Amino acid sequence: MIRLHPIPEASYVCPSCSTALEPLGWYIPGMRNLADLRCPRCAREFYGDLPSGQALYTPMLLEKQTGTVHDSFGVEWFAGWLRDSYAGRTDAPVSFDVSERLEVGREVVLLNCLDTLYGHSLLKLLNAQHYLDSRPDLDVLVIAPPFLEWMIPDGVAQVWLTGLPLRRGTEWNDWIARELHRRVESLPAANVYLSLAFSHPHPNDFRIERFTRVLPFPLQEWEGRLSRPTVTFVWREDRLWNADERPSASVKSRLMNKSRLMRSPKSPAERQCLRVLAFADALRRDWPALDFAVAGIGEPGGLPVWMSDLRRTAPDARTERAWCERYAASHVVVGMHGSNMLLPSAHAGASIELLGPERWGNFLQDILFRPEDCRELFFRHRFVPPETTHEELARLTSSILRGLPDFRRLMNPEFVTHDEISDASRWRMRRGTSASE
C-alpha cells in the first residue's frame, strides 16, 4: 500500500523538462486513482496514476491542459481509457451508499474496486483479505460497484457503493471525485493509504469462501461423489464455443427429440446450445447417473428435463450465490475463457477452459486456484482450443472424473512420504473396484 491522504506518494518526472513533479494531492474520479501533480520548473500540471491495479504495471501521465496521455509502456487500451474519459468527463451525480459496518478509529486502507470489467472488479476485491488478516492495525474501506456488495467480506469497516454500471466503468466523474474527497477528509484516521489492489492476487492471500460464503468442492470427497458425477457448463453468449463440427445424424436426432427448441438451430447461441447438448449426451453415455447443469447469463429454455437450466438474463446476488453453490457441488466446470470462469474455477473440483489464440496473452488470468501441489493443479485445470469437439471434450471430462483419485495417490504430498506407514491399502489404485492384493 502507499500513502494516499493528505499527500500521496507519487514519483513522476515532467515529460517536457525532466524535472521531478511535485504531488499536491489526490483525485479519484472513478476507477482511476490519481495524484495531482505540478512541475515546479515549467508549471505544467498533470494527473498521474497511483500504483494500484493495472497502474502498478503501466502508470500513465495525463497533462491537464491538453488532455495528452504520456504512455511510456505502449499499452494503448489503458492509455485510451484515461484519454477518452478525461475528454468526456462529467459532473453528474450517481448513487452513493455508505455502509458503516465497524467504527473507523485507526489508520485506513482504501481499496478501490471500481472498473469497467466484471473480472477486474472482483479480482481487486480479493485483496481485502490480506489487510483483514495481516494488518489488524488498519481499518479496511472498500469502494465498490453494487454488484459486488454480496461478496464484501466480514471485517471490512465501511463499504462505499458507487452507482457506476460496468458500461460506464471508465468514466471520469468529477462529482464522484469530490464526494470521495469529502468522505476521506471526514474520517477520523490520521492517515489514509491506498491498496495496491493487485490485478491477480496470489492464491495464498485469499480464500474464496471468505467472499462468497460458499465452501469449495471438498476434494477429499471426489471419489465418494462419483456415484453421481456433477458437471456444469458455464454459459455466455458473447464468446461462444465455436467448434466447426456437426453432430452425426443419430446424435442430432436423439437430441432434437429431447429439445424442441433445437430442431432448427440458426443463431450462434442456438448452435452452441446444440454442442453443449451433444457434450452432455456423450458424457451421460459414459456416466448414466450424470448430474449436468448449464449456468450463466442467458435466456433459459431449450434443454431436456434431465439437465438443470440455471441461466438468468439479469442475475442478482441471490442468483450468483446459487451459481456458486452449484459450482461448489461440481466435480468439473467447463466454459469459454473469460471472467465468467473466475467463480466457477474457484469453487469447483476441476475446470476445463476453451481458450482461443486471441486470448493466449490472458492465459490463467481468469482462473482462481487453491493453494496446492503444482502437479495436482495441472491435473485439475485444463485448457483446450475452442475447436475441441463435443466428443473430445466428453472424453477429457471423463478422464478427469475417473483419473483424479489415482493421480492423487501417485502425486499428492500426503501420499508421497517416506515415513513409516501403518496401512498400505491407501495407496492402491481404484478403477471402479479396489485393486487386487
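Which residues line the largest cavity? The legends below take up this question first and then turn to other close-up views of the structure, which is a predicted model.

**View 1. The largest cavity and its lining.** The largest cavity is lined by Gly30, Met31, Arg32, Trp81, Leu82, Ser85, Thr170, Glu171 and Trp172, and the space inside it comes to about 40 Å³. Sorted by class, the residues of this lining are 4 nonpolar, 3 polar and 2 charged. The structure holds 2 cavities of 30 Å³ or more.

**View 2. The second largest cavity.** This cavity has a volume of about 30 Å³, and around it stand Met31, Leu114, Asp115, Pro145, Leu164 and Gly169. Met31 also appears among the residues that line the largest cavity. In the lining of the second largest cavity, 4 residues are nonpolar, 1 is polar and 1 is charged.

**View 3. The largest pocket.** The largest pocket contains about 1,300 Å³ of space, and its lining is made up of 48 residues, among which Leu117, Tyr118, Gly119, His120 and Ser339 lie nearest the centre. At least two lining residues come from each of helix H1 (76-87), helix H2 (118-125), strand E12 (230-235), helix H8 (317-328) and helix H9 (342-347), with H2 giving the largest share, 5 residues. The lining divides by class into 22 nonpolar, 15 polar and 11 charged residues.

**View 4. Helix H4 and the strands it packs against.** Helix H4 covers residues 174-185, and because each residue is expected to add 1.5 Å, its 12 residues should span 16 Å, which agrees with the 16 Å that separates its end C-alpha atoms. At the N-terminal end of H4, Asn173 acts as a cap, with a side-chain oxygen placed 2.9 Å from the backbone nitrogen of Trp175. Trp175 is itself one of the buried residues of the helix, the others being Asp174, Ile176, Ala177, Glu179, Leu180 and Val184. The buried residues of H4 pack against strand E1 (2-5), strand E2 (22-27), strand E7 (96-100), strand E9 (138-144), strand E10 (158-162) and strand E11 (192-194).

**View 5. A cis peptide bond between His5 and Pro6.** Most residues other than glycine have a negative phi, and most peptide bonds are trans. His5 and Pro6, however, are joined by a cis peptide bond, for which omega is about 10 degrees. Pro6 belongs to the loop between E1 and E2.

**View 6. Positive phi values at Ala43 and Arg213.** Ala43, although not a glycine, has a positive phi, near 70 degrees, and it sits in the loop between strand E3 (34-38) and strand E4 (45-49). Its relative accessibility is 41%, so Ala43 counts as partly exposed. Arg213 is likewise not a glycine and has a positive phi of about 60 degrees; this residue is placed in the loop between helix H5 (209-212) and E12. With a relative accessible area of 38%, Arg213 is partly exposed.

**View 7. Gly302 in its loop.** Gly302 is found in the loop that runs between strand E13 (291-296) and strand E14 (307-309). The relative accessibility of Gly302 is 15%, and because the limit for a buried residue is under 20%, Gly302 counts as buried. Gly302 and Cys273 are 29 residues apart along the chain, while their C-alpha atoms are separated by 8.2 Å.

Note on methods: Residues numbered from 1 in each chain as written. Predicted model: local features only at pLDDT ≥ 70, side-chain atom pairs only at ≥ 80, totals over all residues. Heavy atoms only, no water. Helix = DSSP H or I, 4+ residues; strand = E, 2+ residues; numbered from the N terminus. Expected span 1.5 Å × (residues − 1). Buried < 20%, exposed > 50% of the residue type's maximum accessible area, 1.4 Å probe, protein only. Contact = heavy atoms within 4.5 Å. Polar contact = N/O pair within 3.5 Å; in protein donor to acceptor, adjacent residues only side chain to side chain. 1 Å grid on protein atoms, 1.4 Å probe; cavity = no way out; pocket = protein on both sides within 12 Å on 5 of 7 lines; lining within 4 Å. Points joined across faces, edges and corners; volume = space filled by probe spheres on them. Nonpolar A, V, L, I, M, F, W, Y, C, P; charged D, E, K, R; others polar.
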